[in-house]
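This report looks at how two protein chains meet and how a DNA strand sits against them. Please look over the sequence and the structure before reading on.

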There are 2 protein chains.
Amino acid sequence: MTIETEVARAAEAGQEILRAQDSWTDLPPTARSIVRSALDSFADRGFNATTLKHIAAGTGLSTAALYVHFGSKDELFFEISRRGHESAFAIVEAASMLSPAQHAFRTLVYTFARWHAEQRTTARVVQYELHALSGKHAETVAGIRRATEQVVRDVITRASGPGAPEDPELRGVSAAILSLGIDVARWFVPGAPYTPDEIGRLYCRLATRLLRPDVF
Amino acid sequence: MTIETEVARAAEAGQEILRAQDSWTDLPPTARSIVRSALDSFADRGFNATTLKHIAAGTGLSTAALYVHFGSKDELFFEISRRGHESAFAIVEAASMLSPAQHAFRTLVYTFARWHAEQRTTARVVQYELHALSGKHAETVAGIRRATEQVVRDVITRASGPGAPEDPELRGVSAAILSLGIDVARWFVPGAPYTPDEIGRLYCRLATRLLRPDVF
DNA sequence: GTCTATATGCCGATAGAC
DNA sequence: GTCTATCGGCATATAGAC
């Protein structure tokens with residue numbers, strides 16, 4: 001079994017997982033368009049630089065009309081951030097349940113990286129606008145983040161053993177793989193030298209090098 | 001020559017490079033304290049959420065007094081961002097001039113990663129507040145960024161050959177190593193499980209795995 | 001160079017008509 | 001549910017005394 005075959009299998013499984021994600025289909029049309037507009041602005045201006053005027057402009061509504069659909073700017077942001085975090089958790093968890101462990105590992109890396117490219121606006125809000133949350137909102141999101149990171153670490157640990165000498169770098173490797181995936185949301189722009197699929201495949205191969213340089 | 005010996009040599013060279021960096025010693029004391037206060041606030045609140053009141057509070061001055069030392073909030077920010085970018089460029093360039101190429105590579109990875117941890121406030125402004133720049137300011141900074149990335153890519157290319165089969169993943173490996181270093185500024189907090197030195201050494205080993213899984 | 005006082009403008013949010 | 005009009009507050013920046 002070559003590495004390329006394994007990567008191809010991971011890519012297929014990852015695409016399946018990403019397809020299953022729906023975004024905001026439960027909301028009525030007006031609320032959904034507000035969310036889309038807010039998400040875009042939060043992603044490329046940041047929370048503080050985004051005004052209600054920006055959000056309203058993307059929908060054709062007045063700023064006053066926004067308050068019919070959301071309680072406040074803070075609550076609108078929280079709802080977006082929370083659902084974004086849940087989405088990231090869901091894809092990671094779905095990958096983690098595959099077997100064998102090494103297939104789960106590769107699928108997780110592929111899916112996580114590709115999500116950060118494909119859902120770049122959501123991912124930016126999720127990863128880079130945490131400071132805009134406070135109090136109970138911040139706690140809720142922090143909980144989801146911890147759960148996500150735990151799943152990633154578990155998958156990596158399972159994939160690295162048993163049957164192989166324990167890698168003393170395991171903790172560091174986990175941190176690096178998580179870090180690589182998240183940072184995609186910072187540098188990726190549509191039309192970049194890589195497509196989301198290519199980023200997923202690339203990181204899948206690189207993660208394999210990081211985890212077990214001797215496997216292939 | 002073991003990998004550990006090589007990492008130790010890179011760490012030593014990297015510390016030398018970082019020691020040579022001075023921060024704002026050319027500014028008069030009041031201006032320097034304004035910069036320090038602004039830097040702290042920009043780093044953990046972001047540019048837009050930082051008010052002149054925040055900056056002034058960190059210095060004991062009134063908001064009006066700030067204007068004696070800096071033209072505007074935008075110019076103060078630009079000066080901080082520009083010098084931060086120049087600092088990042090300087091350490092990368094210093095590492096790039098070492099030889100042999102593989103020692104330059106390891107030292108660059110060590111230094112770049114450690115800088116993002118140790119100078120975390122500066123690094124956050126540099127890497128995550130680009131949106132606050134516009135016009136000529138944005139262009140100036142973009143130029144320094146391009147130069148920095150070019151040096152990194154060149155070092156990695158030189159370290160990977162000649163005398164070895166060309167790695168088809170070379171571009172991707174460069175992107176990943178740059179990405180890993182930058183993302184340290186996002187997740188690192190003082191007192192984390194790793195010290196800046198440990199992060200540098202870890203990333204030095206991981207980068208070696210990424211570049212040439214077969215070398216050690 | 002630093003202060004207090006203030007000009008000016010935009011922000012988030014609300015009131016009330018339709 | 002959407003609008004126009006507006007409130008109260010805080011932001012950056014300036015004026016002018018010391």
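Which residues are the closest to DNA strand C? The model is predicted, and in it 15 residues surround the strand, the closest being A:L52, A:Y67, B:S62, B:V68 and B:H69.

## Surface near DNA strand C

Helix α4 (63–69) of chain A and α4 (63–69) of chain B each supply at least two residues of the surface near the strand. α4(B) gives the most, with four residues. By class, this surface has seven nonpolar, seven polar and one charged residues.

Of the strand's atoms within 4 Å of the protein, 68% belong to sugar or phosphate, and the rest to bases. Phosphate oxygens of DNA strand C lie 2.9 Å from a polar backbone atom of A:L52 and 2.6 Å from a backbone N or O atom of B:S62. For A:K73, an N or O atom in the side chain is 3.1 Å from a phosphate oxygen.

## Interface of chains A and B

Between the two chains, 30 residues of chain A are in contact with 30 residues of chain B. The buried area is about 2500 Å², and carbon and sulfur atoms give 57% of it. A:E169, A:R186 and A:R209 supply 24% of what chain A buries against chain B, more than any other three residues.

Two salt bridges are found across this interface. A:E169 forms a salt bridge with B:R205, with the closest N and O atoms 2.6 Å apart. There are also eight residue pairs in polar contact. On the side of chain A that touches chain B, α2 (29–45), α7 (120–128), α9 (170–187) and α10 (196–211) give two or more residues, and α9(A) gives the most, with 10 residues. By class, that side has 15 nonpolar, five polar and 10 charged residues.

Definitions and conventions
Residues are numbered from 1 along each chain as its sequence is written. Chains are lettered from A and ligands numbered from 1 in the order in which they are written. This is a predicted model: local features need pLDDT of at least 70, side-chain atom pairs count only at pLDDT 80 or more; totals for chains, interfaces and linings use all residues. Side-chain values use heavy atoms; hydrogens and water are left out. Contact means heavy atoms within 4.5 Å. Buried area is the accessible area (1.4 Å probe) that two parts lose on being put together, summed over both. A salt bridge is a side-chain nitrogen of Lys or Arg within 4 Å of a carboxyl oxygen of Asp or Glu. A polar contact is a pair of N or O atoms within 3.5 Å; within protein, one must be able to donate a hydrogen and the other to accept it, and residues adjacent in sequence count only if both atoms are side-chain atoms. Ala, Val, Leu, Ile, Met, Phe, Trp, Tyr, Cys and Pro count as nonpolar, Asp, Glu, Lys and Arg as charged, and the others, Gly among them, as polar. A residue is near a molecule or strand if one of its heavy atoms lies within 4 Å of it.
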